[in-house]
Amino acid sequence: MNTLIERTSNKLVKAFLKNKIIAPLPRRFTKKLTEANKFRMLCESKVKKPIIGYKAGGTGIPVMKKLKEKEPFYASVYKNNFLKSGKSVKISKTTFGIELEVCYLIKRSFFNSKGVITMRNISKFISHMAPCIEIVGYRQRKKGITSFGDLCSDFGANVKFLIGQKKKYRKINIGNLKTNISNKNTKQNINGNTSAVFINPLNSLRFVLNKLKKDKVNLNKNFYVFTGSTVGVVPIGKGLYQGKIDKLGSVKTIIR
């Protein structure tokens, strides 16, 4: 079908696969989160690359209130955009931020579970946890954020994910851990807290898992969930970024 949504999604998918920049998406696909989510799912269905997990986006409650959004969103994370700590990442003019997050490795058994995921039963599905850096940006000649639809529609605005050393999951006070991301080259030193993430990272994880159930997603394998930034969206520059999360460890990347 040669419809606008088909033509537009084909352009964005091509940009995603070839690291190109295109004109801004029509507002009809980005203004409302419900429409942006439909557009995201259409685009993702056209990417024939392995999915290793999912990210939660828009998890900062103050930003949610400012943009009058009711909830965060989620998006797929592909294997080719998933790197080990210390790797370098080349950014473009439309890469606008870097984030420090808690990520969880979820057991394959989740996909066979019945019922709603709650804070009481969520732990049995978690295998490991780790610190993670997410680099965010558009694949469009576009600046700023007017709604979560702007981010969600463009593959969740995720560019790269870098993961630190995984630790076997254990219950800790995940809702009140100090975090920090720094870059000596850009003279950035930003403190944060896991409480900035949709109440806490476990609650963000719960949100994503229930959305996957609602959308009948089944990877049939272990997968990662990246729960959202503990430091907000930090403007990105060149050089070495180091992120630290209390009790979890560190993660780093070289931006060039």
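Helices (H or I, at least four residues) and strands (E, at least two) are DSSP runs, numbered from the N terminus. The model described here is predicted, so local features need pLDDT of at least 70 and side-chain atom pairs count only at pLDDT 80 or more, while totals for chains, interfaces and linings use all residues. Residues are numbered from 1 along each chain as its sequence is written, and side-chain values use heavy atoms, with hydrogens and water left out.

An open sheet of five strands runs in the order 4-13-12-9-10 with mixed pairing, where two strands pair if DSSP finds at least two bridges between them. Strand 4 (88-89) and strand 10 (188-193) stand at the edges with a single partner strand each, so one side of each is left without a neighbour in the sheet. Within this sheet, strand 9 (residues 178-183) pairs with strand 12 (residues 239-245) in the antiparallel sense over four bridges, and T179 has I245 in strand 12 as its bridge partner.

Two residues other than glycine have a positive phi, and the table sets them side by side. Both are buried, a word that means under 20% relative accessible area (1.4 Å probe, protein chains only).

| Residue | Phi | Loop | Relative accessible area |
|---|---|---|---|
| F155 | near 55 degrees | between helix 4 (148-153) and strand 7 (158-163) | 1% |
| F198 | about 45 degrees | between strand 10 and helix 5 (201-214) | 14% |

Technical notes: Buried < 20%, exposed > 50% of the residue type's maximum accessible area, 1.4 Å probe, protein only.
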